[in-house]
Amino acid sequence: MTDRDTSNDQSAGDRTFVQRLIRVGSTDIIRVVVLCVIAGFILAAFHVNPRRLWVDFFGTIAESWGRFIDFLTHSVGWAIEYFLLGAILVIPIWIVFRVLGALRRR
């Protein structure tokens, strides 16, 4: 290790809080861009308009939350309906196979 390598290691440890705070690397920029895109997809899924979000933050969040709850209740209702529809066919067939399996093991 040369004197130059040692001085670089020491200077990295001697940086002030502000110097460490404003030091931005390329990985930091890539990470922020990726997180922005992911957040944008999530907000778009909730139909959040960026202009409305900027103007009326809490109103937009409340409206989006209401849409999410509506979506959730609609999805649960849909899932229960299709579960019951499938159960009409699947459960009797499952019972027949269980009975046949129990008879064969005798």
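In the predicted model, Ser64 is located in helix 5. Its relative accessible area is 7%, so Ser64 is classed as buried, the threshold for that class being under 20%. Apart from residues up to four places away in sequence, Ser64 touches Phe46 and Val48. Thr60 also belongs to helix 5 and is likewise buried, because its relative accessibility is 4%. When neighbours within four places in sequence are set aside, the contacts of Thr60 are Val48, Arg52 and Leu53. Val48 thus appears in the contacts of Ser64 and in those of Thr60. Besides Thr60 and Ser64, the buried residues of helix 5 are Ala87 and Gly101. Helix 4 is included in what covers the buried residues of helix 5.

Helix 5 runs over residues 57-104. The helix contains 48 residues, and the distance from its first C-alpha to its last is 66 Å. This span is close to the 70 Å expected at 1.5 Å a residue. A bend of about 40° is found in helix 5 at Ala87, a residue that is listed among the buried ones of this helix.

By the distance rule applied, the model has three salt bridges. One of them joins Arg52 and Glu63, whose closest N and O atoms are 2.9 Å apart. This pair links distant parts of the chain, since Arg52 lies in helix 4 (residues 50-55) and Glu63 in helix 5, with their positions 11 residues apart in the numbering. Arg52 has a relative accessible area of 34% and is therefore partly exposed. Glu63, with a relative accessible area of 33%, is partly exposed because this value falls between the limits for buried and exposed residues. Arg52 is also one of the residues in contact with Thr60.

Glu63 forms a further salt bridge with Arg67, and here the closest N and O atoms are 2.4 Å apart. Glu63 and Arg67 are four residues apart in helix 5, so about one helical turn separates them. Arg67 is counted as partly exposed because its relative accessibility is 32%. Through salt bridges that share partners, Arg52, Glu63 and Arg67 are joined into one network.

Another salt bridge is formed by the side chains of Arg31 and Asp28, with an N to O distance of 3.7 Å. Both residues are in helix 3 (residues 26-45), and because they are three residues apart, their separation is about one helical turn. Asp28 is partly exposed, as its relative accessibility is 31%.

A nonpolar patch is present on the surface. Its members are Leu89, Val90, Ile91, Ile93, Trp94, Ile95, Val96, Phe97, Val99, Leu100 and Leu103, and their accessible area together is about 1100 Å². One of these residues, Ile93, lies in helix 5. Ile93 has a relative accessibility of 42% and so counts as partly exposed; this value also satisfies the cut-off of over 30% relative accessible area used for patch residues.

Notes. Residues numbered from 1 in each chain as written. Predicted model: local features only at pLDDT ≥ 70, side-chain atom pairs only at ≥ 80, totals over all residues. Heavy atoms only, no water. Patch = residues over 30% accessible without salt bridge, like charges linked within 9 Å, V, L, I, M, F, W, Y side chains within 5 Å. Areas by Shrake-Rupley, 256 points an atom, 1.4 Å probe, with all protein chains shown as cover. Salt bridge = Lys/Arg side-chain N within 4 Å of Asp/Glu carboxyl O. Helix = DSSP H or I, 4+ residues; strand = E, 2+ residues; numbered from the N terminus. Buried < 20%, exposed > 50% of the residue type's maximum accessible area, 1.4 Å probe, protein only. Contact = heavy atoms within 4.5 Å. Expected span 1.5 Å × (residues − 1). Bend = angle between axes of the 7 residues up to and from the residue.
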